[in-house]
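Me: Please take a close look at one part of this structure, the place where two helices meet, and set it in the context of the interior around it. I should like a single connected account.

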Amino acid sequence: MATRRRTLLKVIVLGDSGVGKTSLMNQYVHKKFSMQYKATIGADFVTKELQIGEKLVTLQIWDTAGQERFQSLGAAFYRGADCCALVYDVNVLRSFDNLETWHEEFLKQASPSDPKTFPFIVLGNKIDVDGGSSRVVSDKKAADWCASNGNIPYFETSAKDDFNVDEAFLTIAKTALANEHEQDIYFQGIPDAVTENEPKGGGCAC
């Protein structure tokens, strides 16, 4: 198996269960969206190769379960991350309020050398639901939270409509690149996705 030197960027995606973390990743990497909700068990990842300037990078995006029983996946999982994406559902206030918990959980587990400058990005997902009439978290409220936590970049997204998904992940990649860790990776040994899903009744993963 041949080894090729590449820039590997590790991105951790955190947020409550059902906010659309997996759907955002699938829309970005595979351009696919499913109305069927399947809860992520433990952690999965997908990869996407892209060109940023003159650098060819592999974005390794880790999807985590939002259930409380999986909230602490262990320091080894978080460490080595180059960026952390925090996702909430604009129609569910609790998912927004819990951003603080996820933010603190990441910093606690990852133990970055400089917590105040470690790159985060916030995604307010599901803006398509009911044409926007169901949203309970305003863009101003989200922007204010991001500003008070170190001017974190903020995007409003819809995995279902593929709105702002590419733009958000490109910003994630550029942000991660600034915090990069170059590693040797085996391209033939990394699958497009590693999944272990269990069906859940009803709901929309958009």
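Reply: A helix axis is here a line fitted to C-alpha atoms over the stretch in contact, and angles between axes run from 0 to 180 degrees between N-to-C directions. The model is a predicted one. On that basis, the axes of helix α1 (residues 21-30) and helix α6 (residues 165-177) come within 10 Å and cross at roughly 90°. Angles of 65 to 115 degrees count as roughly perpendicular, and α1 and α6 are therefore roughly perpendicular to each other.

The residues that form this crossing can be named. From α1, Leu 24, Met 25, Gln 27 and Tyr 28 take part, and they meet Val 165, Asp 166 and Phe 169 of α6. By class, the contact comprises 5 nonpolar residues, 1 polar residue and 1 charged residue.

Helix α1 itself has 7 of its 10 residues buried, so it is largely enclosed by the rest of the structure. The buried positions in α1 are Lys 21, Ser 23, Leu 24, Met 25, Gln 27, Tyr 28 and Val 29. Just after the helix, Lys 31 adopts a positive phi of about 55°.

The crossing leads into the interior. The largest nonpolar core contains 28 residues, and Tyr 28, Leu 59, Ile 61 and Phe 169 have the most contacts inside it. Two or more residues come from each of β1 (4-14), α1, β3 (43-52), β4 (55-64), β5 (83-89), β6 (120-125) and α6. Of these elements, α6 gives the most, with 7 residues. Leu 59 illustrates how this core is connected: leaving aside residues up to four places away in sequence, Leu 59 touches Leu 9, Val 11, Tyr 28, Val 46, Thr 47, Lys 48, Leu 50, Phe 169 and Ala 173. A second, separate core has 25 residues, including Ala 81, Tyr 88, Trp 102 and Val 137.

Two of the strands that contribute to the largest core, β5 and β6, merit a closer description. In β5, 7 of the 7 residues are buried, so this strand is largely enclosed by the rest of the structure. Both of its faces are covered, with Cys 83, Ala 85, Val 87 and Asp 89 buried on one side and Cys 84, Leu 86 and Tyr 88 buried on the other. For β6, 6 of the 6 residues are buried, so β6 too is largely enclosed by the rest of the structure. Phe 120, Val 122 and Gly 124 point one way from β6, while Ile 121, Leu 123 and Asn 125 point the other way.

The pairing of these strands is parallel, with 6 bridges joining β5 to β6. Within this pair, Leu 86 has Val 122 of β6 as its bridge partner, and Asp 89 stands opposite Asn 125. Strand β6 also pairs in the parallel sense with strand β7 (residues 154-156), over 3 bridges. There, Leu 123 stands opposite Phe 155 in β7.

The chain as a whole supplies the setting for these details. It contains 6 helices and 9 strands, and buried residues make up 48% of its 206 residues. Among contacts between residues at least 6 apart in sequence, 79% join residues at least 24 apart. To return to the helix crossing, Tyr 28 and Phe 169 belong to the contact between α1 and α6, and both are listed among the residues with the most contacts inside the largest nonpolar core.

Technical notes. Residues numbered from 1 in each chain as written. Predicted model: local features only at pLDDT ≥ 70, side-chain atom pairs only at ≥ 80, totals over all residues. Heavy atoms only, no water. Helix = DSSP H or I, 4+ residues; strand = E, 2+ residues; numbered from the N terminus. Parallel < 35°, antiparallel > 145°, perpendicular 65-115°, else oblique. Contact = heavy atoms within 4.5 Å. Nonpolar A, V, L, I, M, F, W, Y, C, P; charged D, E, K, R; others polar. Core = buried A, V, L, I, M, F, W, Y, C linked by side-chain atoms within 4.5 Å. Buried < 20%, exposed > 50% of the residue type's maximum accessible area, 1.4 Å probe, protein only. Pairing = 2+ DSSP bridges.
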